[in-house]
Amino acid sequence: AFVAVSPKTDGTALADLKDSFFTKSLFSSTGRFSFYGQPTDVKVKTASVSDNYRLLDVSFATLSQSTNAEIPRKARVAVTIPSGSSQAVMLVASTSAIRWKKGADKKIFAIVDSFKATPAPQTGLKVRAKQDESAV
């Protein structure tokens with residue numbers, strides 16, 4: 001499992017964002033699943049919103065380095081936009097479709113269902129400007 005942050009939502013509510021907003025971010029050519037090529041056959045199987053969290057069940061295929069074959073995978077994604085934030089925070093848990101069928105889905109559901117994202121407390125500290133060494 002890993003945590004990802006979306007591009008800015010431009011003030012759009014979580015329920016009003018399209019599924020493609022999240023899948024484009026997660027399955028882009030520079031995304032976590034794109035080590036040997038961009039994932040293919042990306043499909044959102046189910047999507048629901050509850051208590052300011054959105055859950056997505058996704059299927060997709062990634063390329064294997066050794067065999068150059070497509071490996072079917074499944075993922076569950078929990079998404080929220082913490083108050084005061086302009087970006088969505090996503091917890092992504094995935095496994096191969098074979099492991100999913102053998103019971104890994106239960107562990108993944110437990111992991112994703114435990115996800116909570118809250119904003120960090122405000123601080124009075126000031127950010128120190130980093131000195132630009134090339135300007136000397």
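**Close-up 1. Threonine 9, in the loop between β1 and α1.** This is a predicted model, and the first stop is a loop residue. Is threonine 9 buried or exposed? Threonine 9 is buried, with a relative accessible area of just 5%. Leaving aside neighbours within four places in sequence, threonine 9 is in contact with Leu17, Phe21, Ile81, Ser86, Gln87 and Ala88.

**Close-up 2. The salt bridge between aspartate 19 and arginine 54.** Here the two side chains meet with an N to O distance of 2.6 Å. Aspartate 19 sits in helix α1 (residues 19-26) and arginine 54 in strand β3, so this pair ties together parts that are 35 residues apart in sequence. The two partners are worth viewing with the surface switched on. Aspartate 19 is partly exposed, at 23% relative accessible area, while arginine 54 comes in at 7% and counts as buried.

**Close-up 3. The salt bridge between aspartate 57 and arginine 76.** The side chains meet at 2.9 Å, N to O. Again the pair links distant parts of the chain: aspartate 57 belongs to strand β3 and arginine 76 to strand β4, 19 residues apart. Aspartate 57 and arginine 76 are both buried.

**Close-up 4. Lysine 106 and aspartate 105, a salt bridge between two α2 residues.** How many salt bridges does the model have? The count comes to 3. In the one shown here, the closest N and O atoms of lysine 106 and aspartate 105 are 4.0 Å apart. Lysine 106 is exposed, with 62% relative accessibility, whereas aspartate 105 is among the buried residues of α2.

**Close-up 5. The kink in helix α2.** Helix α2 covers residues 97-113, which makes 17 residues. Its end C-alpha atoms are only 20 Å apart, short of the 24 Å a straight helix would reach at 1.5 Å a residue. Where is the kink in α2 centred? Look at glycine 103: the kink there is about 85°. The buried residues of this helix are Ala97, Trp100, Asp105, Ile108 and Val112. Their cover includes β3 (53-63), β4 (70-80) and β5 (87-96).

**Close-up 6. Tryptophan 100 and phenylalanine 109, an edge-to-face aromatic pair.** The ring centres are 5.9 Å apart, with 65° between the planes. Tryptophan 100 is buried at 12% relative accessible area, and phenylalanine 109 is partly exposed at 30%. The structure holds 8 aromatic pairs. Elsewhere, ring pairs link Phe2, Phe27, Phe33 and Phe60 into a cluster.

**Close-up 7. The largest nonpolar core, with 18 residues.** Which residues have the most contacts inside this core? They are Phe22, Leu26, Val77, Val79, Met90 and Val92. At least two core residues come from each of β1 (2-8), α1, β3, β4 and β5. Zoom in on valine 92 and you'll find it touching Ala1, Phe2, Leu26, Phe33, Arg76 and Val77, not counting residues up to four places away in sequence. Arg76 in that list is also the salt-bridge partner of aspartate 57.

**Close-up 8. A second, separate core of 10 residues.** Its members include Ala93, Ile108, Val112 and Phe115. Ile108 and Val112 also appear among the buried residues of α2.

Note on methods:
Residues numbered from 1 in each chain as written. Predicted model: local features only at pLDDT ≥ 70, side-chain atom pairs only at ≥ 80, totals over all residues. Heavy atoms only, no water. Helix = DSSP H or I, 4+ residues; strand = E, 2+ residues; numbered from the N terminus. Expected span 1.5 Å × (residues − 1). Bend = angle between axes of the 7 residues up to and from the residue. Buried < 20%, exposed > 50% of the residue type's maximum accessible area, 1.4 Å probe, protein only. Contact = heavy atoms within 4.5 Å. Core = buried A, V, L, I, M, F, W, Y, C linked by side-chain atoms within 4.5 Å. Phe/Tyr/Trp six-rings, centres within 6.5 Å; stacked < 30°, edge-to-face > 60°.
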